[in-house]
2 protein chains.
Amino acid sequence: MDTGSEHQLRELVGERVAAVRTKNPEPLAARHAEDVVTFDVLPPLLRRGPGPIVEKTQQWFDGYASDIGYQVEELEVRADQNLGFCSFVYNVKGTLTTGDAVDMWVRATLCCLKVDGDWRIVHDHESVPFDPQTGMAVIDRGPPP
Amino acid sequence: MDTGSEHQLRELVGERVAAVRTKNPEPLAARHAEDVVTFDVLPPLLRRGPGPIVEKTQQWFDGYASDIGYQVEELEVRADQNLGFCSFVYNVKGTLTTGDAVDMWVRATLCCLKVDGDWRIVHDHESVPFDPQTGMAVIDRGPPP
């Protein structure tokens with residue numbers, strides 16, 4: 001393990017938190033590798049390449065009338081000098097422009113490579129579990145105590 | 001990148017495929033680290049430690065009257081000497097003891113460390129996306145062409 005790399009990956013997660021709280025999509029987009037493979041909370045099953053991240057993230061931000069609360073918990077980071085991964089859960093909170101309240105828990109895994117001295121996300125997996133009895137996504141349950 | 005390690009992680013994924021096809025839970029359980037963090041398809045949001053994997057997996061196998069088809073696609077592996085990750089999607093197919101047919105697509109990310117010469121899964125994230133219009137898990141859509 002490389003503690004310097006692990007520190008840098010914690011900073012990468014911190015950047016994401018700051019980007020959501022300030023509703024600035026640019027830092028989020030800047031970290032994705034050209035060949036990133038994304039397993040997103042919403043369909044499709046899989047996406048290759050970053051796609052229109054800035055536009056999609058801006059659209060997400062624009063859906064909120066309020067600030068967006070974005071709280072990271074259970075962060076785990078492991079890294080060598082040039083390769084590393086982070087896992088965490090995050091709570092998104094706020095009020096949509098429709099008036100609906102959001103209070104949602106999501107799991108995230110970021111797999112990263114160091115490219116030309118900078119960490120890039122080559123794989124981004126974000127999801128919620130689902131209830132097999134109802135087939136419904138379970139979005140309101142935080143981590144067990 | 002370390003091609004030897006990447007080859008070993010591809011073998012680890014191959015082991016899982018063989019374990020499901022032969023309905024043998026032991027090889028699946030043997031790979032998990034003591035401190036594995038799991039984000040599973042079903043709740044809870046997060047689990048620490050392997051828990052009763054053998055029993056749970058056996059229960060899953062026992063739910064099938066037929067063989068279990070388990071097809072891995074879109075496999076990506078990146079690894080250094082002691083740390084690596086795999087991402088893939090898999091299709092599970094079969095007939096349950098209830099008579100219901102299963103034909104489901106799941107995304108999987110395995111983050112691994114080499115411990116005493118053996119690869120161990122320290123983080124396992126498996127999920128399906130959900131449809132934001134209905135709140136339902138989307139389990140029947142494969143990777144886009």
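Here are some numbered notes on this two-chain structure, which is a predicted model.

1. Starting with the overall make-up of chain A: the secondary structure comes to 3 helices and 6 strands. Reading from the N terminus, the elements go α-α-β-β-α-β-β-β-β, with a helix standing between the second and third strands in that order.

2. On dimensions, chain A has a radius of gyration of 16 Å, and that agrees with the value near 15 Å that a compact globule of 145 residues would have. If you want a box for chain A, its C-alpha atoms fill one of roughly 45 × 30 × 25 Å along the principal axes. Buried residues account for 30% of the 145 residues in chain A. As for how the chain folds back on itself, take the contacts in chain A between residues at least 6 apart in sequence: 56% of them join residues at least 24 apart.

3. Now the sheet of chain A. It is open, has 6 strands in the order β2-β1-β6-β5-β4-β3, and its pairing is mixed. The edges are taken by β2 and β3 of chain A, each of which pairs on one side only.

4. Where does the mixed pairing of chain A show up? Look at β1(A). With β6(A), β1(A) pairs in the parallel sense over 4 bridges. Two residue pairs are handy for finding this spot in the viewer: A:His32 has A:Ile121 of β6(A) as its bridge partner, and A:Phe39 sits opposite A:His125 in β6(A). With β2(A), residues 47-48, β1(A) instead runs antiparallel, and 2 bridges join them. There, A:Val37 faces A:Arg48 in β2(A).

5. Don't miss the helix on the sheet. Helix α1 of chain A (residues 3-21) lies across β3, β4, β5 and β6 of chain A, and runs at about 165 degrees to β3(A).

6. Chain B has its own open sheet of 6 strands, in the order β2-β1-β6-β5-β4-β3 and with mixed pairing. At the edges are β2 (47-48) and β3 (69-79) of chain B; each has a single partner strand, so one side of each lacks a neighbour in the sheet. The β1 strand of chain B (residues 32-39) pairs with β2(B) in the antiparallel sense, over 2 bridges, and B:Thr38 stands opposite B:Arg47 in β2(B). Helix α1 of chain B (residues 3-21) packs on the sheet and touches β3, β4 (83-95), β5 (101-115) and β6 (118-127) of chain B, its direction making about 165 degrees with that of β3(B).

7. One residue to click on is B:Tyr70, which is in strand β3 of chain B. Is B:Tyr70 buried, partly exposed or exposed? It has 17 C-beta neighbours inside 10 Å, and a residue needs 20 or more to be buried and 12 or fewer to be exposed, so B:Tyr70 counts as partly exposed. Leaving out residues up to four places away in sequence, B:Tyr70 touches B:Val17, B:Val20, B:Arg21, B:Tyr90 and B:Val92. Among these, B:Val17, B:Val20 and B:Arg21 belong to helix α1 of chain B, residues 3-21, while B:Tyr90 and B:Val92 fall in β4 (83-95) of chain B. There is also B:Lys93, 23 residues away along the chain from B:Tyr70, with 6.6 Å between the two C-alpha atoms.

8. Next, the contact between the chains. How many residues does each chain give? Chain A puts in 40 residues and chain B puts in 40 residues. On the side of chain A that touches chain B, the elements giving two or more residues are β1 (32-39), β3 (69-79), β4 (83-95), β5 (101-115) and β6 (118-127) of chain A. The largest share of that side, 5 residues, is from β5(A). By class, the side of chain A that touches chain B has 24 nonpolar, 8 polar and 8 charged residues.

9. Finally, symmetry. Chain A superposes on chain B by a rotation of 180 degrees with 0.0 Å of shift along its axis, at an RMSD of 0.0 Å. The two copies are therefore related as by a two-fold rotation axis. In chain A, the C-alpha nearest that axis belongs to A:Met136, at 2.1 Å from it. Both copies use the same surface, since 100% of the contact residues of chain A recur in chain B.

Conventions: Residues numbered from 1 in each chain as written. Chains lettered and ligands numbered in written order. Predicted model: local features only at pLDDT ≥ 70, side-chain atom pairs only at ≥ 80, totals over all residues. Contact = placed C-beta atoms within 7 Å. Nonpolar A, V, L, I, M, F, W, Y, C, P; charged D, E, K, R; others polar. Pairing = 2+ DSSP bridges. Least-squares fit on C-alpha atoms with pLDDT ≥ 70 in both. Axes fitted to C-alpha atoms, helices over the stretch in contact; angles between N-to-C directions. Rg over C-alpha atoms; globule rule 2.2 N^0.38 Å.
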